[in-house]
Amino acid sequence: MADSKMNENQEIEETMKNEGPVDQESETEADGSNEGSGDMQEDMEEADGKTADSKEAEKKGFFKKDKKKDKKDELIEELTDKYKRTFAEFDNFRKRTEKEKASMYEIGAKDIIRKILPVVDNFERGFKVVSEEEKNTPFAEGMDKIYKQLLTTLNDCGVSEIEAEGKEFDPNLHNAVMHIEDEAYGDNEVIEVLQKGYMYKESVVRHSMVKVAN
């Protein structure tokens with residue numbers, strides 16, 4: 001009996017010995033698998049980092065390409081800018097030239113009108129001394145027609161007479177050479193025109209020479 005129990009104990013010990021190494025190997029394998037998974041995770045993180053770096057580098061490179069313009073585009077922009085500047089300068093020059101031309105034309109027209117106005121004045125003075133009998137003569141009628149034709153031509157050119165008699169004195173239109181006190185008239189009223197004044201369009205060619213009351 002004792003021998004059989006000893007044999008059983010020996011068998012149990014041998015079995016435990018055999019099972020012990022197996023457990024250690026499994027633990028080693030488990031540790032190895034954990035270490036392997038850790039290495040794989042590190043490799044994946046490293047790959048992700050490289051991918052992110054590469055994407056960032058691509059973005060930087062892409063934006064750099066956008067910032068750097070092509071020589072052809074730069075030349076187009078330069079020529080476009082020169083064209084705009086040249087066109088603006090030409091437009092300003094054209095407007096300035098037209099304004100100067102209009103001003104010169106107006107100055108020349110007013111100068112000619114001033115030289116013609118004394119002729120009109122002489123016609124009017126001549127008609128004042130013509131008697132009633134002489135007004136019906138062919139000569140007087142012919143002179144009257146010439147006078148009226150001259151006034152029509154001046155009017156067609158933009159010349160108009162300044163209204164003065166019975167109007168309030170306006171220093172921009174009238175030139176007062178005489179002044180009287182008379183209660184029959186209003187303040188600063190023009191009572192007589194000594195010499196007619198004329199305008200060319202909106203500009204005064206010659207002021208009216210007038211007599212003003214009060």
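1. Let's start with N188, which comes out as partly exposed in this predicted model, at 36% relative accessibility. Its backbone is the odd bit: N188 has a positive phi of about 55°, and it is not a glycine. You'll find N188 in the loop between β2 and β3, the latter covering 189-195.

2. K201 belongs in the same conversation. It also has a positive phi, near 60°, in a residue other than glycine. K201 sits in the loop that joins β4 (198-200) to β5 (203-206). With a relative accessible area of 53%, K201 is classed as exposed, because the cut-off for that class is over 50%.

3. Now for the overall layout. The protein has 3 helices and 6 strands, and the order from the N terminus is α-α-α-β-β-β-β-β-β. Of its 214 residues, 14% count as buried. The exposed surface comes to about 17600 Å², with carbon and sulfur atoms supplying 53% of that. As for contacts with a separation of 6 or more, 64% of them are between residues 24 or more positions apart.

4. Which residues make up the largest nonpolar core? There are 11 in all: A109, I113, L117, V120, F123, Y147, L154, V159, Y198, Y200 and V205. At least two residues each come from α2 (71-128), α3 (138-156) and β4. Helix α2 gives the most, with 5 residues. As background, nonpolar side chains tend to be buried together in soluble globular proteins.

5. L154 is a handy core residue to click on. Leaving out residues up to four places away in sequence, L154 touches I116, V120 and V159. Of these neighbours, V120 and V159 are listed in the core along with L154 itself.

6. On to the aromatics: the structure holds 4 aromatic pairs. One of them is F127 with Y147, an edge-to-face pair at 5.6 Å centre to centre with 70° between the planes. This pair links distant parts of the chain, as F127 is in helix α2 and Y147 in helix α3, 20 residues apart. Are the two partners buried or exposed? Y147 counts as buried at 12% relative accessibility, while F127 is partly exposed at 24%. The split follows from the cut-off, because buried means under 20%. Add F123 and you have one aromatic cluster of F123, F127 and Y147. F123 and Y147 are also on the list for the largest nonpolar core.

7. A search of the whole structure turns up 13 salt bridges. In general, side chains of opposite charge can pair when their charged atoms come close. Two cases within helix α2 are worth a look. E78 and K82 meet at 3.6 Å, N to O, and both lie in α2, 4 residues apart, about one turn of the helix. Both are partly exposed: E78 has a relative accessible area of 43% and K82 has 47%.

8. The other α2 case is K115 with D111, whose side chains meet in a salt bridge at 3.7 Å, N to O. These two are also 4 residues apart in the helix, so about one helical turn separates them. K115 counts as exposed at 61% relative accessibility, whereas D111 is partly exposed at 36%.

9. What about the strands? The side chains of K211 and E192 form a salt bridge at 3.1 Å, N to O. That pair links distant parts of the chain, from K211 in strand β6 to E192 in strand β3, 19 residues apart. K211 is buried, with a relative accessible area of 15%, and E192 is partly exposed at 34%. Separately, D91, R94, K95 and E98 are joined into one network by salt bridges that share partners.

10. While you are in β6 (residues 208-213), have a look at S208, which lies in that strand. S208 is buried, with a relative accessible area of 1%. Setting aside residues up to four places away in sequence, S208 touches I162, A164, L173, H174, N175, Q195, K196 and G197.

11. Last, a surface feature. Which residues make the nonpolar surface patch of about 240 Å²? It is made by V177, M178 and L194. V177 is in strand β2, which runs over residues 174-180. V177 is partly exposed, at 42% relative accessible area, so it passes the patch cut-off of over 30%.

Terms used: Residues numbered from 1 in each chain as written. Predicted model: local features only at pLDDT ≥ 70, side-chain atom pairs only at ≥ 80, totals over all residues. Heavy atoms only, no water. Patch = residues over 30% accessible without salt bridge, like charges linked within 9 Å, V, L, I, M, F, W, Y side chains within 5 Å. Areas by Shrake-Rupley, 256 points an atom, 1.4 Å probe, with all protein chains shown as cover. Salt bridge = Lys/Arg side-chain N within 4 Å of Asp/Glu carboxyl O. Buried < 20%, exposed > 50% of the residue type's maximum accessible area, 1.4 Å probe, protein only. Contact = heavy atoms within 4.5 Å. Core = buried A, V, L, I, M, F, W, Y, C linked by side-chain atoms within 4.5 Å. Phe/Tyr/Trp six-rings, centres within 6.5 Å; stacked < 30°, edge-to-face > 60°.
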